[in-house]
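Reader: I want to learn how to read a fold strand by strand. Where do we start?

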Amino acid sequence: MTEQPSPEIHPAWLPSTAFRAIASRRVVVDGDGPLVDTVRDEVIRAGGILTAPGEPADLVLVSGGSSGSPHPSGPFGSFGSSGDGFSVSRRDGTTVVRADGPSGLLNGWFALARDVPPGRHDPALPLRVLDHWDNVDLHPVMGRVERGYAGGSLFWHDGALREDLSRVRDYARLLAASGINAVTINNVNVHATETRLLTDRRDEVAAIAAEFRRYGVRVHLSINFAAPVFLGDLPTADPLDDRVRAWWSRATARMFDTIPDFGGYLVKADSEGQPGPHTYHRTHADGANMLAEALAPFGAVVRWRAFVYDHRQDWRDRGTDRARAAHDHFVPLDGTFHDNVIVQVKYGPMDFQTREPISPVLLAMPRTNLAVELQATQEYTGQQKHICYLPPMWSAVLRSVRVRALAAVSNAGDDPFWTGHPLAQANLYAVGRLAWDPTLDPIAVLDEWITWTFPEARDVLHELMDDSWQTYERYTAPLGVGFMVRPGHHYGPDVDGYEYTPWGTYHFADRDGIGVDRTRATGTGFTAQYPQPLSDLYESRDTCPDELLLFFHHVPYTHVLHSGVTVIQHIYDTHFTGAARVAEMRHRFQKSADLFTPAVYARISALLDEQLRSAEEWRDQINTYFFRKSGIPDARHRRIH
Ligand code: GCW
C-alpha cells in the first residue's frame, strides 16, 4: 500500500512566529559540529542574518566544549550528554548565550523563543526520554502503536520504515525545543519483527537516528531479552552464560558501528509474558548487568523496567497484592546494578492510574540509578478523547523523588495534530520542560505551551485545561481505587470489568463498603514498603489523604472523609459535578470558535462531544452501581438510574 499524502501538519509549539524576534537581527553562531550547524540553519529559518564572530551583533551564540565525541562520558556513562547547559546574559543591546557544548547551544537557542531570563540554565536530569510503544508490524490486538491514540507510527508504516522521514525530523525539532534529549523508538513488548531491529534491521534504526541526531536527540531501542534464542543463534538466553554474553557484546558493537551515538537499551523483562532472566533462575540485576557490560564500552545505558508483577493472579487469593510487586522484586537488589543501569519505575505502584500514591520503589533504592516513568499517552486518562492535562499529577511525583532520568510513554503519532486531541500536545510539551526543571509550576508550563501554540485562546484554554485532571478523576474511579475501566482497551466504565480476572486490579466493593486493605495491621502489608512518615500516614484511616483512601483501606460506605462527607455521598457528588463540569467546558468552548482555525475547532468540538457522552456514562454507571450495592440514596436526591 502506498502512503497517503499528509494533510496539513499542525506546527504545535513551533509556529513560524516562534522566533520572530530574531528576524532581521545580526546573529553570531560560534562553534563547530553538526548541532552548531543546526543552530545556524535555525537562525536562517528565523530570518536572522548570520554574522562573523567579532562583528557587531544583536545575538551571540557561543558553543563551548568539543564538537562532540560520539560517546561522551560521565560518571554514569553518557545518559544524556554533558554540555546541555547554557547561560544567558544581556549587555548593551546584545544577548549572549554561552553553552557548555553544542547540545547546550541548541537548548539555549530554543530557550530564546521562551524569553528565557538571564542567568545559568542547566537541566535537572541528564536523561529526558520519550518511550514510543510503536510496533513495526500491525499488531493484531494492539495495532500500530500499543496504547496509541494519535494514529499510526511516525517511523513505520505497513511493516516497513516510512519512505519519507521528514515528520520525524519535525518531531525531533519539537522535542528538542521542549527539552527532550532521547527517544526509544519501539514498543517495550518486543514482537518477532521488532526483535530484528537489533540485528538485520538496524539500518532502519540508523535512518531514524539520523533524523533525531540533527536535533541532539539520541535513539534508544527496546530489546527482546530472549533475542539470542529467538533469532535461532543460541539454545539459551541465560545472562551468566558466556556465549550469551558474547552474543550481546557482538550485537551491541555492531549497533555502535552503525550508530555511533546510539543511546542504549530499554528492557521489559519477566513482565506480562515478556522473557527475562527468571527463566534461568537469574535475577533482574544479572540480566541488566549483562546488557550494561555490553553497552559500557560505548558509554551507553540500559534502562531496566521495574514493572514486574504476577499477571496470572487468582482473584480469590487475597494475600497477593500487585502493588507490592516492584518493591518485592527490586529493592533487595539495591546496590547490585552496574553504574550504567537505570531501573525505570512507573510513578505509582500499580499502573498509570489517574490517582496513585508514589511508587515506594522510588523512595527505596539509594544505591541505584532510577528513572521515573510517566505515561503521556492517555491509556487510563481518557485516551486523548478527553481533555486531561496531566502535569499537576506529574509534578507532585517529580518533586518528591530523586531520580537520574525521566521517561514518558509518548502520546504522539502520525495524526496531523501529533497527539490526536490537539490539547494533548500540552502533555507532550510538558514532559521535556518538567524533566529539565521538575520544580516548574505545571500551570506555568501550560501557559508557555498555550503562548506558543494557541496564543489567542489563553483564557479559554486555561479554563478547559488547568483542572482537567481533577475533573477526569471526579467522574471516573473514586478515591484512588483505580481501574473500573473496560477490560482490554481500557476506555469507558466497567466497574467489575477486572474484578474477577487474573490481573490483580480489584476494588472489593460489597454491600457494606469498598477499597483495598493494604495496611500492615490487617491487610497486605504494602504500607510497610514506605519510609516514615508516609508509612504511618497511609496506614491509618485517620491520616490517609481522602484521595487515596480506597487505595489503602477498605471502608464502609458510611465512612466520613476529612472533607466531612461520607464515601458514598462523595461518590455521588463527584460524579455529578465531574460530568457537569465537562458540560460546562463544552459550552465554554462552543463560544470560542473565532479563536481557532476551523480544523482545530472542529476536532476539539467533536472530542468534547465524546468527552461529555463518556463522562455521563461514567457518572451513571458508577452512581447506579454504588446505589445498588449500598442501598443508600443520594442525600441531594439527584437522578440515579
Ligand atoms: O498498562 C499496561 C498496558 C500495556 C503496557 C504495559 C507496560 C506496553 O496496558 O499495554 O505494555 O502496561 O507498561 O509494559
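Author: With one strand pair. This is a predicted model. Strand S14 covers residues 218-222 and strand S15 covers residues 264-267; the two run parallel, joined by three bridges.

Reader: Which residue stands opposite Gly264 in S15?

Author: His220 does.

Reader: What do eight strands, S14 and S15 among them, close into?

Author: A barrel. Read the order as S8-S13-S14-S15-S16-S17-S18-S19, with parallel pairing. From one strand to the next, the twist averages 25 degrees.

Reader: Which strands does helix H11 lie across?

Author: Three barrel strands: S8 (127-131), S18 (369-375) and S19 (405-409). H11 spans residues 425-436 and runs at about 160 degrees to S8.

Reader: What follows S15 in the chain? I want to check the backbone there.

Author: A loop lies between S15 and helix H8 (284-295), and Asp270 sits in that loop. Look at the sign of phi. For Asp270, phi is near 50 degrees, a positive value in a residue other than glycine.

Reader: Now the ligand. Which residues surround it?

Author: Take them in chain order. The ligand is surrounded by Trp133, Glu146, Arg147, Val188, Asn189, Lys268, Glu272, Phe307, Asp351, Phe352 and Glu379.

Reader: How many of the shell residues are charged?

Author: Six are charged, with four nonpolar and one polar beside them.

Reader: Next, an antiparallel case. How many bridges pair strand S9 with strand S10?

Author: Two. S9 holds residues 134-139, S10 holds residues 143-145, and they pair in the antiparallel sense. Asp134 stands opposite Val145 in S10. For the connection, look between the strands: a hairpin of three residues joins S9 to S10.

Reader: What about an open sheet? What is its strand order?

Author: An open sheet is read from edge to edge. One here has six strands, ordered S2-S1-S3-S6-S5-S7, with mixed pairing.

Reader: Why is one side of S2 and of S7 left without a neighbour in the sheet?

Author: Strand S2 (49-50) and strand S7 (119-121) stand at the edges, each with a single partner strand, so one side of each has no neighbour in the sheet.

Reader: In what sense do S1 and S2 pair?

Author: Parallel, over two bridges; S1 is residues 26-30. Ile49 in S2 is the bridge partner of Arg26. Then add the helix. H1 (residues 34-45) lies across S1, S2 and strand S3 (59-63), and runs at about 170 degrees to S1.

Reader: Let me zoom out. How is the chain divided into domains?

Author: Domain 1 is 16-120, domain 2 is 127-466, and domain 3 is 473-516 + 554-630. Domain 3 is written as two segments. The centres of domain 1 and domain 2 are 29 Å apart.

Reader: Which peptide bond is cis?

Author: One joins Gln532 and Pro533, with omega about 0 degrees. Pro533 is placed in the loop between strand S20 (513-514) and helix H15 (534-539).

Reader: Last, the whole chain. How many helices and strands does it have?

Author: It has 18 helices and 21 strands. The radius of gyration is 25 Å, close to the 26 Å from the globule rule for 641 residues, so the chain is as compact as a globular protein of that length. For overall extent, read the principal axes: the C-alpha trace spans about 80 × 65 × 55 Å.

Terms used: Residues are numbered from 1 along each chain as its sequence is written. This is a predicted model: local features need pLDDT of at least 70, side-chain atom pairs count only at pLDDT 80 or more; totals for chains, interfaces and linings use all residues. Domain bounds come from an automatic or database domain assignment. Two strands pair if DSSP finds at least two bridges between them. Helices (H or I, at least four residues) and strands (E, at least two) are DSSP runs, numbered from the N terminus. Axes are lines fitted to C-alpha atoms, for helices over the stretch in contact, and angles run from 0 to 180 degrees between N-to-C directions. Two residues are in contact if their C-beta atoms, placed from the backbone, lie within 7 Å. A residue is near a molecule or strand if its C-beta atom, placed from the backbone, lies within 6 Å of it. Ala, Val, Leu, Ile, Met, Phe, Trp, Tyr, Cys and Pro count as nonpolar, Asp, Glu, Lys and Arg as charged, and the others, Gly among them, as polar. The radius of gyration is taken over C-alpha atoms; the globule rule is 2.2 Å times the number of residues to the power 0.38.
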